[in-house]
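Let's take a friendly walk around a ligand site and see how the protein builds it. Have the sequence and the 3D view open as you read.

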Amino acid sequence: MKFSRCNGLHGEVTIPGDKSISHRSVMFGSIAKGTTEIHNYLQGADCLSTISCFQKMGIEIENRGDIVLVHGKGLRGLSRPTEVLDCGNSGTTTRLISGILSAQDFDVTLTGDASIQKRPMKRIMEPLSLMGASIESINGNGCAPLKISGRKLHGISYTSKVASAQVKSAILLAGLYADGETRVTEPYLSRNHSEIMLKYFGADVRTEAAGSATAESANSFTPATTRQADSSTPADVSGRTPLSAGSATAIIQPAEELHGNLVEVPGDISSAAFFLCAGLMVPNSEILIRNVGINPTRAGILNVISDMGGDITLLNEHAGSGEPTADILVRSSSLHGTVIGGAVIPTLIDELPVIAAMACFADGTTVIRDAAELKVKESDRIAVMTENLTAMGADVTATDGGMIIRGGRPLHGAVIDSHLDHRIAMTFAVTGLCADGETDILGAECVNISCPRFYEDLKRLIR
Ligand code: S3P
């Protein structure tokens, strides 16, 4: 797929459903009693893998496109699949489903594509084993394929080294089935979609932040107009609830049953990020991005854009199924470098590739640190970003925990290896719009994982 410099982006774009929330709606709907009706379910390959895994465990799921109906059978309603569960490219499917499977009364084998078979699973194997589950990495390398034998589980109090919503959610899901309270502490609050939706489905789950009550308030939404920012922590651009700068603990009680519900999935801010950055980077642009989830545990990119001097306005803020949502108006801006690290990292981890590309067009230096997790995503995103931006003429240095980007150099087109990583492919489509000559993205079709209409939507905005 080829891209070249464009003179402006104009118009409106509606973002497909949030990947994290879509996965959870099918998973939690499958283990809830009754029907869960999901609107705006993401029809990307990852979320289709989740549907197929639960169908193989006897759950009737009607995928009608925009609406998905999950006929849940309750916490004990899954049946043993007759084949291996294939999670495709999806880390969220693999890790979250492992929490559920740890408590079932059957054995199951989970696997995925070449990328999934390289991604670290010890981070869930360790806590789930402490709860009493039996999980084996079949090749002995701490990666999938995994053989999981369900057991009776105990509640634990676990401190995770990484701020990872996938780890936290796997433990919380196992905690639904445990014999007592389960607590997960992470160094910084990661995305809290599981906590919001589990609560919405009737579970007893809450969050405590070290030294403040802000993490719990992040689990519920109040429109900006009725809220006051806490002066001790940085308020974000819209005045939404600020995040605590320290560790957070999620606490769940065992559940009798969850109850299916209506889920309105907001647009995915991680997909919106490409349009946001494109609108800022391409001169003479103005784009209205409709229906974007702006949960503060996900929306760190809005803070970074504002720190870099970007012109964005949130409109029409509202909440659907407990998740804050807004339209975002973005206009091309002259940007300056910034430092991105610490508590904000988990709130924008998937957006760092496109933020790094945007930093090439900012004056001065941008430092991304505390983001070593980038190395264990669908590709090693520190290495792949550094390699590809350098190929386009950027001044980028990879570090252990991120990148240093010295902005202001003009970029030129290059052949870009996406490493079949959807976020890399989308990042370079946008970068190609601001570079001289032609940018050719190899493996471009991988955007199908999270944003199947991406190229059509982007090309429609080009003037
Ligand atoms: C996700 C959490 C993040 C993110 C991933 C989706 C989720 O991963 O990178 O794309 O849905 O919980 P980690 O929790 O491993 O950081």
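## Helices and domains around the ligand

In this predicted model, two helices, α1 (19-30) and α5 (165-175), each give at least two residues to the shell around the ligand. Helix α1 makes the largest contribution, with three residues.

If you prefer to think in domains, the shell takes at least three residues from domain 1 (2-16 + 266-461) and at least three from domain 2 (19-210 + 246-264).

## Who is in the shell

Here is the full set to select in your viewer: Lys19, Ser20, Arg24, Thr92, Ser164, Ala165, Gln166, Arg191, Ile349, Asp350 and Lys377 surround the ligand. By residue type, five of the shell residues are charged, four are polar and two are nonpolar.

## Polar contacts to ligand oxygen

Which distances separate side-chain N or O atoms from ligand oxygen atoms at Lys377, Ser164 and Thr92? For Lys377, a side-chain N or O atom is 2.7 Å from an oxygen atom of the ligand. Ser164 places a polar side-chain atom 2.9 Å from a ligand oxygen atom. For Thr92, the distance between a side-chain N or O atom and an oxygen atom of the ligand is 3.4 Å.

## Cover and pocket

How much of the ligand's accessible area does the protein cover? On its own, the ligand has 380 Å² of accessible area, and the protein covers 95% of it. As for its location, the ligand sits in the largest pocket.

How values were computed: Residues are numbered from 1 along each chain as its sequence is written. This is a predicted model: local features need pLDDT of at least 70, side-chain atom pairs count only at pLDDT 80 or more; totals for chains, interfaces and linings use all residues. Side-chain values use heavy atoms; hydrogens and water are left out. A residue is near a molecule or strand if one of its heavy atoms lies within 4 Å of it. A polar contact is a pair of N or O atoms within 3.5 Å; within protein, one must be able to donate a hydrogen and the other to accept it, and residues adjacent in sequence count only if both atoms are side-chain atoms. Accessible areas come from the Shrake-Rupley method with a 1.4 Å probe; for residues, only the protein chains shown count as cover. On a 1 Å grid over the protein atoms alone, a cavity is a set of points where a 1.4 Å probe fits but cannot get out, and a pocket is an open set with protein on both sides within 12 Å along at least five of seven lines; lining residues have an atom within 4 Å of a point. A molecule sits in a cavity or pocket if more than half of its atoms lie within 2 Å of its grid points. Helices (H or I, at least four residues) and strands (E, at least two) are DSSP runs, numbered from the N terminus. Ala, Val, Leu, Ile, Met, Phe, Trp, Tyr, Cys and Pro count as nonpolar, Asp, Glu, Lys and Arg as charged, and the others, Gly among them, as polar. Domain bounds come from an automatic or database domain assignment.
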